[in-house]
Amino acid sequence: MQNIIGFVILALIILFIITSGVRIYNRLVMLNLNVDKSFANIDVLLKQRADEIPELIKIVKKYMEYEEGLMNKVTELRTKYLNATNNDNKIKTANELNKAFANILAVSENYPDLKANTSFVSLQGRVSELENHLADRRELYNDSVNLYNIGINEFPALLLAKPLGYSNKELLQISEIEKQYHGVQF
């Protein structure tokens, strides 16, 4: 009788360990997929913004011939973003593109004729709208990444996460220029 009770207790302990492991694994998968979904939502807007950049460059270039280096950098980063094959590369490139893009818009303030150009104003409105949507989605993405990073570093999930190859993900960052600039105002 004692053997049966001992066997039942052992079976319950093993069952508890297995179900806990499955629960932890499922939570890790959910957190990881939630980050991917959040980034996919941002990716759509970043792609739209990247598609707007050539038009913006075309208009701004007329007014800022000597700013060619900045334009080339933005074009290069846009291409790098569009060719990025994984989310980590896209995030790094998007962060760089944010900085360069803020520089273009800041430099454009030095050209009163440009600020009055209807094509530029229209495009600037579209880009501002995209930036507002990006800000909302960036916040959701960073919340998802934060939950994911916490989830893979919590005990006991950390015992399962590290061997399965889960590692911390990078947050989408705001550049210092964006922090100081407080939006584009023409």
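Is Tyr-148 buried or exposed? At 2% relative accessibility, Tyr-148 counts as buried, and this ring will come up again below among the aromatic pairs. Before that, a word on what you are looking at: this is a predicted model.

## The overall picture

The protein chain has seven helices and zero strands, so its pattern along the sequence reads α-α-α-α-α-α-α. Of the 186 residues in the protein chain, 36% are buried. Among contacts with a separation of 6 or more, 78% are between residues 24 or more positions apart. On the outside, the protein chain exposes about 11100 Å², and carbon and sulfur atoms supply 57% of that area.

## What fills the inside

In soluble globular proteins, nonpolar side chains tend to be buried together. Here, the largest nonpolar core has 21 residues, and the members that touch the most others are Leu-28 and Tyr-141. At least two residues of this core come from each of helix 1, helix 3 (87–108), helix 5 (118–153) and helix 6 (157–161). Helix 1 is the biggest contributor, giving eight residues.

Leu-28 is a good place to start a tour. Leaving aside neighbours within four places in sequence, Leu-28 is in contact with Gly-151, Ile-152, Ala-157, Leu-160, Ala-161 and Tyr-166. There is also a second, separate core of eleven residues, including Leu-56, Ala-100, Leu-123 and Val-127.

Ser-38 is worth a stop too. Ser-38 sits in helix 1 and counts as buried, because its relative accessibility is 2%, under the 20% limit. Not counting residues up to four places away in sequence, Ser-38 touches Leu-140, Tyr-141 and Ser-144. Tyr-141 thus appears both in this list and as one of the two best-connected members of the largest core.

## Two aromatic pairs

The structure holds two aromatic pairs. The rings of Phe-39 and Tyr-141 have their centres 5.7 Å apart, and their planes meet at 65°, so this pair is edge-to-face. Phe-39 belongs to helix 1 and Tyr-141 to helix 5, so the pair links distant parts of the chain, 102 residues apart. Both Phe-39 and Tyr-141 are buried.

What of the pair formed by Tyr-148 and Tyr-166: how far apart are the centres of their rings? The distance is 6.3 Å, and with the planes at 50° the pair is tilted. Tyr-148 lies in helix 5, while Tyr-166 lies in the loop between helix 6 and helix 7 (176–181), and the two are 18 residues apart. Tyr-166 is buried, with a relative accessible area of 12%. As noted at the start, Tyr-148 is buried as well, at 2%. Tyr-166 is also one of the residues in contact with Leu-28.

## Three salt bridges

A search of the whole structure finds three salt bridges. They are set out here with the N to O distances.

| Pair | N to O distance | Separation in sequence |
|---|---|---|
| Glu-154 and Arg-27 | 3.3 Å | 127 residues |
| Lys-90 and Asp-43 | 3.0 Å | 47 residues |
| Glu-96 and Lys-80 | 3.9 Å | 16 residues |

Glu-154 lies in the loop between helix 5 and helix 6 and Arg-27 in helix 1, so their bridge ties together parts that are 127 residues apart in sequence. Glu-154 is partly exposed at 34% relative accessibility, and Arg-27 is partly exposed with a relative accessible area of 34%.

The bridge between Lys-90 and Asp-43 joins helix 3 to helix 1. Are these two residues buried or exposed? Both Lys-90 and Asp-43 are buried.

Glu-96 in helix 3 and Lys-80 in helix 2 (residues 68–83) make up the remaining pair. Glu-96 counts as partly exposed at 31% relative accessibility, and Lys-80 counts as partly exposed at 43%.

## A nonpolar patch on the surface

Finally, turn to the start of the chain. Met-1, Ile-4, Ile-5, Phe-7, Val-8, Ile-9, Leu-12, Ile-13, Leu-15, Phe-16 and Ile-17 form a nonpolar patch on the surface, and together they have about 1200 Å² of accessible area. Take Ile-13, which is found in helix 1 (residues 2–63). Ile-13 is partly exposed, with a relative accessible area of 43%. Helix 1 therefore holds this patch member and also gives the most residues to the largest nonpolar core.

Key
Residues numbered from 1 in each chain as written. Predicted model: local features only at pLDDT ≥ 70, side-chain atom pairs only at ≥ 80, totals over all residues. Heavy atoms only, no water. Patch = residues over 30% accessible without salt bridge, like charges linked within 9 Å, V, L, I, M, F, W, Y side chains within 5 Å. Areas by Shrake-Rupley, 256 points an atom, 1.4 Å probe, with all protein chains shown as cover. Salt bridge = Lys/Arg side-chain N within 4 Å of Asp/Glu carboxyl O. Helix = DSSP H or I, 4+ residues; strand = E, 2+ residues; numbered from the N terminus. Buried < 20%, exposed > 50% of the residue type's maximum accessible area, 1.4 Å probe, protein only. Core = buried A, V, L, I, M, F, W, Y, C linked by side-chain atoms within 4.5 Å. Contact = heavy atoms within 4.5 Å. Phe/Tyr/Trp six-rings, centres within 6.5 Å; stacked < 30°, edge-to-face > 60°.
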